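Let us take a walk through this structure together, one step at a time. Have the model open beside you as you read.

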Amino acid sequence: MKFVQLILASLAFICSAAYAEDDAPGAVGAESYLQQADQAVREGRLTQAQHMIYWLEQNSDAISRDDLALVKAEFAVVKNDLAGAVTALDNIEDKSRNLCRQDTARGWVAANRNALDKAILSLANAAKNCPNDAGIWNLLGLAFVRKGETAAGNEAFEQALILAPDNSDLLNNHALALMQHGQIALAKQQLDRAAKMSPENRLIAANRDFVAGMTGQTPIRGQSESDAVWSERLINTAKGAKAADHSPQATALFSRALLLMDRFDGGVWSEIKPHTDDNR
């Protein structure tokens, strides 16, 4: 699981939107415009946010430079721009303002630098000061899991799910933590819920098939699934079976997947060949 794929909790549910020309500041004051830019980042209107940030940079004398730097840092986080986030955070002089937001952004930066102790400390501080932000708990849980502290990660995810019980991404992350903690059946339940909420999410579907393979289950092909999609599902399930040492099932699933592929896949063949050689 890549930490860089995550977004700040308070910036959750990113979506795309075009920049509207009539969103220019006009008679709106710079402070109000800064708030609008902040809201655009949080709502995922990134093209619009980029234009607004540019205007604010040209009129920075009318607003707090620290506040603008924080918005730029959060924009960089959503864009997965580590260097941009670092630069923006370094430009914040008052480290005591907007503690939750600063600590969350600094935790994201630390995690992407693999400084996990520092990331956990920053995110734990953010969660302490803003305990009702599910996304902060989510990032804290992921940092714990990356460090191998799965019990602490589970606790963080559970806290996040209390605040946002119907968030499929949280359910997915919690399931992966449960899986690493050996709670496979519960992980499968969480992924079943997540897949039902977000049936088009391929990452959740892949994780669900993987855990199903670990429990010895065989996937059922959907009526609308192409050979390519079905072979991918078979491979994910086979990988789960292999991880749980269900070798015969894994080999059978890899073999079925290979027969459906348009092109020869050496990686899948390597999963089958040792077993065919053993049977000679």
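A crossing of two helices is called left-handed if the near helix is turned anticlockwise from the far one by less than a right angle, and right-handed if it is turned clockwise. Keep that idea in mind for the helix pairs below. Please also remember that you are looking at a predicted model.

Let us begin with the whole chain. It holds 14 helices and zero strands, so its pattern along the sequence is written with nothing but α, from α-α-α-α-α-α-α-α-α-α-α-α-α-α. Of its 280 residues, 47% count as buried. The accessible surface comes to about 14500 Å², and carbon and sulfur atoms supply 50% of that. Among contacts with a separation of 6 or more, 55% join residues that lie 24 or more positions apart.

Now find helix H1, residues 30–42, and helix H2, residues 46–58. How do these two helices lie relative to each other? Their axes come within 8 Å and cross at roughly 150°. Angles over 145 degrees count as roughly antiparallel, and H1 and H2 are therefore roughly antiparallel to each other. The crossing of H1 with H2 is left-handed. On the H1 side, the contact is made by Ala30, Tyr33, Leu34, Gln36, Ala37, Ala40 and Val41, which meet Leu46, Ala49, Met52, Trp55 and Leu56 of H2. Sorted by class, these residues are eleven nonpolar, one polar and no charged.

Stay with H1 a little longer, since Asp38 also has its place in this helix. Is Asp38 buried or exposed? With a relative accessible area of 13%, Asp38 is buried, because the cut-off for buried is under 20%. Setting aside neighbours within four places in sequence, Asp38 is in contact with Val71, Glu74 and Arg101. The C-alpha atom of Asp38 is also separated by 8.9 Å from that of Leu68, a residue 30 places apart along the chain.

Further on, look for helix H7, residues 134–147, where you will find Asn138. Asn138 is buried too, at a relative accessible area of 10%. Which residues does Asn138 touch, not counting those up to four places away in sequence? They are Phe157, Ala160, Leu170 and Asn173.

Our second helix pair is H9, residues 168–180, and H11, residues 202–214. These helices pack at an angle of about 30°, with their axes 11 Å apart. Angles under 35 degrees count as roughly parallel, which makes H9 roughly parallel to H11. H9 passes H11 in a left-handed crossing, as defined at the start. Ser168, Asp169, Asn172, Leu176 and Met179 of H9 make the contact with Leu203, Ile204, Asn207, Phe210, Val211 and Met214 of H11. By class, this contact has seven nonpolar, three polar and one charged residues.

Let us finish in two loops. Most residues other than glycine have a negative phi. Asn80, in the loop between helix H3 (65–78) and helix H4 (82–90), has a positive phi near 60°. At 40% relative accessibility, Asn80 counts as partly exposed. Asp245 lies in the loop between helix H12 (227–243) and helix H13 (247–260), and its phi is positive as well, near 65°. Asp245 is exposed, with a relative accessible area of 65%.

Methods:
Residues are numbered from 1 along each chain as its sequence is written. This is a predicted model: local features need pLDDT of at least 70, side-chain atom pairs count only at pLDDT 80 or more; totals for chains, interfaces and linings use all residues. Side-chain values use heavy atoms; hydrogens and water are left out. Axes are lines fitted to C-alpha atoms, for helices over the stretch in contact, and angles run from 0 to 180 degrees between N-to-C directions. Helices (H or I, at least four residues) and strands (E, at least two) are DSSP runs, numbered from the N terminus. Angles under 35 degrees count as roughly parallel, over 145 as roughly antiparallel, 65 to 115 as roughly perpendicular and the rest as oblique. Contact means heavy atoms within 4.5 Å. Ala, Val, Leu, Ile, Met, Phe, Trp, Tyr, Cys and Pro count as nonpolar, Asp, Glu, Lys and Arg as charged, and the others, Gly among them, as polar. Buried means under 20% relative accessible area, exposed over 50%, partly exposed in between (1.4 Å probe, protein chains only). Accessible areas come from the Shrake-Rupley method with a 1.4 Å probe; for residues, only the protein chains shown count as cover.
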